[in-house]
Amino acid sequence: MQWVYQPVEVQYPDGSWELGRISGWWTDEKGEVWCRLRTVPGGAPPRWQHYDPESVRLLPSTGI
């Protein structure tokens, strides 16, 4: 497991978007990547979920 602070945008099935952050990455024994995702502000508490780059888009965290 790797702890990080990665800002993201999350797209929901209804097409809406919400800001969030990934605070950890983990790869299971099958090689699938999981992320510890939390939406902000006041969104769902942190939860581990399979990383889907189509619905969780990484945002730059430095260099802007």
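Leu58 is partly exposed, because its relative accessible area is 42%, a value that falls between the 20% limit for buried residues and the 50% limit for exposed ones. In this predicted model, Leu58 is part of strand E5, which covers residues 56–58. Beyond its neighbours within four places in sequence, Leu58 touches Gln6, Pro7, Val8, Ile22, Trp25 and Tyr51. Several of these partners reappear below, in the description of the core. Gly43 offers another reference point: 15 residues separate Gly43 from Leu58 along the chain, and their C-alpha atoms are 18 Å apart.

Stepping back to the whole chain, the secondary structure consists of 5 strands and 0 helices, which gives the pattern β-β-β-β-β along the sequence. How does the radius of gyration fit the chain length? For 64 residues, a compact globule would have a radius of gyration near 11 Å, and the 12 Å found for the protein agrees with this. The C-alpha trace extends about 30 × 30 × 20 Å along its principal axes. Of the contacts between residues at least 6 apart in sequence, 30% link residues at least 24 apart.

The surface and the interior can be described in turn. The protein has an accessible surface of about 4,500 Å², and carbon and sulfur atoms account for 54% of that area. The protein carries 6 positive and 8 negative charges, and the mean positions of the two sets lie 8 Å apart. Buried residues account for 27% of the 64 residues.

Which residues form the largest nonpolar core? This core has 8 members, namely Val8, Val10, Ile22, Trp25, Cys35, Leu37, Tyr51 and Val56. Strands E1 (2–11), E2 (17–27) and E3 (33–39) are the elements that each supply two or more of these residues. In soluble globular proteins, nonpolar side chains tend to be buried together. Val8, Ile22, Trp25 and Tyr51 of the core are also among the contacts of Leu58. Another core member, Val10, is in contact with Ser16, Trp17, Glu18, Leu37, Thr39 and Ser55, again leaving aside neighbours within four places in sequence; of these, Leu37 also belongs to the core.

A last look at strand E2 brings in Thr27, which lies in this strand. With neighbours within four places in sequence set aside, Thr27 is in contact with Glu32 and Val33. Thr27 and Gln49 are 22 residues apart in sequence, with a C-alpha to C-alpha distance of 11 Å.

How values were computed. Residues are numbered from 1 along each chain as its sequence is written. This is a predicted model: local features need pLDDT of at least 70, side-chain atom pairs count only at pLDDT 80 or more; totals for chains, interfaces and linings use all residues. Side-chain values use heavy atoms; hydrogens and water are left out. Helices (H or I, at least four residues) and strands (E, at least two) are DSSP runs, numbered from the N terminus. The radius of gyration is taken over C-alpha atoms; the globule rule is 2.2 Å times the number of residues to the power 0.38. Buried means under 20% relative accessible area, exposed over 50%, partly exposed in between (1.4 Å probe, protein chains only). Contact means heavy atoms within 4.5 Å. Accessible areas come from the Shrake-Rupley method with a 1.4 Å probe; for residues, only the protein chains shown count as cover. Lys and Arg count as positive and Asp and Glu as negative; His and the chain ends are not counted. The place of a charge is taken as NZ of Lys, CZ of Arg, CG of Asp or CD of Glu. A nonpolar core is a set of buried Ala, Val, Leu, Ile, Met, Phe, Trp, Tyr and Cys residues joined through side-chain atoms within 4.5 Å.
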